[in-house]
Amino acid sequence: MSGLLRHREFLRRVPLEPRYDVVVIGGGVVGLSIAYNLAARHGIRRVAVLERAYLGAGASGRNTQVVRANYNTPETVPLYKASLELWRTLGQELDFNIQFSTQGELDLVHTRDALEVERDKALLDAAYGVPMEILTPDEVLERCPHVDLTGGGELPVLGASYHPPGSFARHDSVVWAYATAATRLGVHVHEGVEVTGLDVREGRCRGVMTTAGPVEAGAVVSAVAGWSSVVARMAGLRLPISTHPLQAFVTEPVRHVIDGLVSSMDLYVYVSQTARGELLVGAEILPYNTYSQRSTFDFLAEAAKRTIMILPLAAKARAMRQWAGLCDMTPDSSPILGRTEVEGFFLAAGMGTWGFKGAPIFGRTMAELVATGRTPELIAPFSPERFAADRMVPDAASAGTH
């Protein structure tokens, strides 16, 4: 089937039915991955994905496309390792070009404390079969000759960690790939349908209320990233989640200068180069809570300054556009994946800045849970009940953006 015909099929409108076996709230990469896996691996095809705007309108279309597995706890490393393994063949599985490319990830450190954290992380990752190396400053220059080892004269580079499997995938292509594959299997994908409430009676979620009318469901899965607390509240649940904006910008296209990701674990900035030659820059989440997806000049100025400190060549590139996405941050910086105290209501939430990276394994494991009622071992540590049981999975040190 040609790409044009497949795209037309993907856009085909179908009526919203009054009942589905599973309703997935959220038309981003995680929600679509769950829906696809329900149909592809468990034969559950009476599935509806409800997106209040357009597919990928939220965090999925506003991220920086990084895929990796170098995490910092015995629970998160196997989870994201499994996801990275799925990423490598995802394009073939979904029959769609997701523009996956392995280029490596270079994380600079400027303090001895940060260097020790990266050494500990490298040992843990190696124990789980995830490649990660510790580099000297000279070895940093071998990987990326454009790095300023003086850190702009303010923060000299003491070393770096290097994650060879670090990769990229085109975010909107991944969204379309999952949506197209799910649609071919009979899943109904509805854009412009907002969930306004959950039908919870006698401790069970029996469906959703929408702007297009009520829909009964055997199970409901929330996969709405920054709006997780809002949807959970509809079920009478309070989540230990705060919502923060994460911003990024791209420059005008420049000549090829960077392979892979270059980040600073102390400056909280990361830089890559897109296939079009743009320098793509991201930084840490903003400290305040908001549902606004507007980017700010303060971010642009500060992120540009930090970028120039580690990559002076960026000083001559003009910023072209910037954006913001919403992150749902948990107290331990790890996701919430599993069933809730409301029977029939499931959560794929709290991914923070890592939802895109984990989407393939989140979708596969959550679909297995919904279909079979059994919690896969990989996501058992991330159940919502871990907070009340004081079994948190602290993993803020896995990122240079907090």
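**Figure 1. The three-stranded sheet formed by β3, β8 and β4.** Two strands are taken to pair if DSSP finds at least two bridges between them. In this predicted model, β3, β8 and β4 follow one another in that order in an open sheet, and their pairing is antiparallel. The edges are held by β3 (66–67) and β4 (101–102), each of which has a single partner strand, so one side of each is left without a neighbour in the sheet. Between β3 and strand β8 (residues 167–168), which run antiparallel, there are two bridges, and Val66 has Phe168 in β8 as its bridge partner.

**Figure 2. The open sheet of eight strands.** Read across the sheet, the strand order is β6-β7-β5-β14-β15-β16-β13-β17, and the pairing along it is mixed. The edge strands are β6 (133–135) and β17 (319–329), each of which pairs on one side only. From one strand to the next, the twist averages 20°.

**Figure 3. The pairing of β14 with β15 within the eight-stranded sheet.** Strand β14 (residues 261–264) and strand β15 (residues 269–273) run antiparallel and are joined by three bridges. Ser264 stands opposite Val269, a residue of β15.

**Figure 4. The second largest pocket.** The volume of this pocket is about 470 Å³. Its lining consists of 22 residues, of which Gln65, Arg170, Thr274, Ala275 and Leu280 are the closest to the centre of the pocket. At least two lining residues are supplied by each of α6 (171–184), β15 and β17, and of these elements β15 and β17 also belong to the eight-stranded sheet. Sorted by class, the lining of the second largest pocket comprises six nonpolar, 10 polar and six charged residues.

**Figure 5. The largest cavity and the residues around it.** One cavity of 30 Å³ or more is present in the structure, and the largest cavity encloses about 60 Å³ of space. Its lining is made up of Tyr36, Asn37, Arg41, Leu86, Leu90, Glu93, Tyr178, Pro360 and Arg364. Two or more of these residues come from each of the helices α2 (29–42), α3 (76–94) and α9 (355–372). By class, five residues of the lining are nonpolar, one is polar and three are charged.

**Figure 6. The crossing of α3 and α6.** Two packed helices are described by the angle between their axes and the distance between the axes. For α3 and α6, the axes come within 10 Å and cross at roughly 45°. Because angles under 35 degrees count as roughly parallel and those of 65 to 115 as roughly perpendicular, α3 is classed as oblique to α6. The crossing in which α3 passes α6 is left-handed. Helix α3 also gives two or more residues to the lining of the largest cavity, while α6 supplies at least two residues of the lining of the second largest pocket.

**Figure 7. The crossing of α2 and α6.** The axes of α2 and α6 come within 9 Å of each other and cross at roughly 25°. This angle makes α2 roughly parallel to α6, because angles under 35 degrees are counted in that class. Here too the crossing is described as left-handed, with α2 passing α6. Helix α2 is one of the elements that give two or more residues to the lining of the largest cavity.

Methods. Residues numbered from 1 in each chain as written. Predicted model: local features only at pLDDT ≥ 70, side-chain atom pairs only at ≥ 80, totals over all residues. Heavy atoms only, no water. 1 Å grid on protein atoms, 1.4 Å probe; cavity = no way out; pocket = protein on both sides within 12 Å on 5 of 7 lines; lining within 4 Å. Points joined across faces, edges and corners; volume = space filled by probe spheres on them. Helix = DSSP H or I, 4+ residues; strand = E, 2+ residues; numbered from the N terminus. Nonpolar A, V, L, I, M, F, W, Y, C, P; charged D, E, K, R; others polar. Axes fitted to C-alpha atoms, helices over the stretch in contact; angles between N-to-C directions. Parallel < 35°, antiparallel > 145°, perpendicular 65-115°, else oblique. Left-handed = near helix turned anticlockwise from the far one by under 90°.
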